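Reader: I would like a close look at one part of this model. Please take a single strand and its sheet, then work outward to the cysteines and the cores.

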Amino acid sequence: MPIDPDEFDSNALDLAVRLIIDGYVVIPDAIVGDELQTIIDGFERQCAKVGKRQMQWDEVRTSPELVGYICHPKIMSVLEAYMHHFDQEPVFACYSGARDVGKPGAEPPKPKLDKDGKPIDPFDLRYGQVGWHDDVAGMRNPRASLLPYAPSTLLYLDETFRDSGAYCAAAGSHHLARVGPNDSAIMAPAELVLDHCDLRALPVKPGSIIMHRGHNWHGVLPVLHQRRIIITTYCARSNYPVQEGHTQITEAEREMIPADRHKYLVTYADYNTPQI
């Protein structure tokens with residue numbers, strides 16, 4: 001049904017509409033002050049505990065600070081409005097990682113050469129070293145009909161810059177994807193996206209969240225400083241059991257998440273479906 005403006009917070013509704021149209025949205029200063037510092041401290045403690053700075057769910061799951069971020073209200077208020085547009089309800093899907101992917105003081109990457117042998121600026125949005133991609137390329141058996149309801153979120157624990165580590169989005173690129181036989185997902189050709197979409201670099205402050213939907217092409221500018229991020233994904237409640245690889249939250253982990261967010265937590269067992 002249509003989104004009722006009186007049913008949702010106006011700011012969350014604005015952000016949801018941008019996500020629908022542009023394929024991405026920035027939530028600036030979503031988490032600030034002591035709350036942000038608590039997550040940063042938890043990130044550092046967990047890195048020290050597991051001995052690495054790129055952590056997957058099994059290495060995160062014992063951290064109250066990192067687990068407690070799941071389904072943060074600043075995310076869910078936007079997803080409630082976004083999913084309502086599709087007559088769906090949002091639920092938590094995956095904790096895709098907590099990562100420090102930058103090295104302070106790193107040197108810019110060596111420029112590659114164009115067909116005429118001239119160096120290409122690594123920070124050029126069209127031809128530079130951005131790593132443009134559609135996440136669908138890495139999905140197991142993606143179904144086109146489910147992708148509109150599979151947004152990802154990135155929480156930034158550090159500032160990013162136009163000349164170091166900024167997320168980049170090809171605005172509206174999700175509109176160029178197509179549906180193939182048997183509900184298969186067909187990605188838009190890279191040249192079509194990069195030559196015809198508005199390519200945008202999106203520097204953010206610590207505590208900001210970038211959200212993008214399925215089939216949105218994106219990348220990141222070369223990272224020359226510390227850049228810690230937490231990635232979580234969400235899906236529609238009705239589609240949960242037919243998608244693969246969701247993070248299964250145990251009772252012990254559920255206790256780390258505020259009770260008012262438990263309505264967004266489901267498992268395959270809730271649908272009498274074995275984990276795929």
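Author: What follows starts at one strand and moves outward. The model is predicted.

Start with strand S7, residues 167-171. Is S7 enclosed or open to the outside? Five of its five residues are buried, so S7 is largely enclosed by the rest of the structure. Its side chains go two ways. Tyr167, Ala169 and Ala171 point one way, while Cys168 and Ala170 point the other way. Both groups are buried. In general, side chains of a regular strand alternate between the two faces of the sheet.

Now the sheet. It is open and has three strands, in the order S10-S7-S12. The pairing is antiparallel. Strands S10 (198-202) and S12 (218-220) are the edges, and each of them pairs on one side only. From one strand to the next, the twist averages 25°.

Take the two pairings of S7 in turn. Toward S10, there are five bridges, and the two strands run antiparallel. One pair to look at there is tyrosine 167 with its bridge partner in S10, leucine 202. Toward S12, three bridges join the strands, again antiparallel. Here alanine 169 has histidine 218 of S12 as its bridge partner. Strands of a sheet pair through backbone hydrogen bonds, as a general rule.

S7 also carries a cysteine. Cysteine 168 has 0% relative accessibility, so it counts as buried. Why does cysteine 168 form no bond with the closest cysteine sulfur? That sulfur belongs to cysteine 197 and is 14 Å away, which is too far for a bond. The cut-off for a disulfide is 2.5 Å between the sulfur atoms. Seen from the other end, cysteine 197 is in no disulfide either, and its nearest cysteine sulfur is that of cysteine 168. Cysteine 197 is buried as well, with a relative accessible area of 14%. The whole structure holds zero disulfides.

Next, the nonpolar cores. The largest has 46 residues. Ile70 and Ile230 have the most contacts inside it. Helix H5 (residues 73-85) supplies the largest share of this core, with seven residues. A second, separate core has 15 residues, and among them are Trp132, Ala170, Cys197 and Leu199. That ties back to the strand, where Ala170 points the same way as Cys168. Nonpolar side chains tend to be buried together in soluble globular proteins, as a general tendency.

Look closer at isoleucine 230. Leaving aside neighbours within four places in sequence, its contacts include Ile39, Leu66, Tyr69, Tyr95 and Thr153. Leu154, Leu155 and Leu157 are also among them.

Finish at threonine 232, in strand S13 (residues 228-236). Is threonine 232 buried or exposed? Its relative accessibility is 0%, so threonine 232 counts as buried. Its side chain has polar partners. One polar contact, of 2.6 Å, joins it to the side chain of threonine 153. Another, of 3.3 Å, goes to the side chain of tyrosine 234. Beyond four places in sequence, threonine 232 touches residues including Tyr69, Ile75, Phe92, Cys94 and Ser152. Tyr69, Tyr95 and Thr153 are contacts of threonine 232, and they are also contacts of isoleucine 230.

Notes
Residues numbered from 1 in each chain as written. Predicted model: local features only at pLDDT ≥ 70, side-chain atom pairs only at ≥ 80, totals over all residues. Heavy atoms only, no water. Helix = DSSP H or I, 4+ residues; strand = E, 2+ residues; numbered from the N terminus. Buried < 20%, exposed > 50% of the residue type's maximum accessible area, 1.4 Å probe, protein only. Polar contact = N/O pair within 3.5 Å; in protein donor to acceptor, adjacent residues only side chain to side chain. Contact = heavy atoms within 4.5 Å. Core = buried A, V, L, I, M, F, W, Y, C linked by side-chain atoms within 4.5 Å. Pairing = 2+ DSSP bridges. Axes fitted to C-alpha atoms, helices over the stretch in contact; angles between N-to-C directions.
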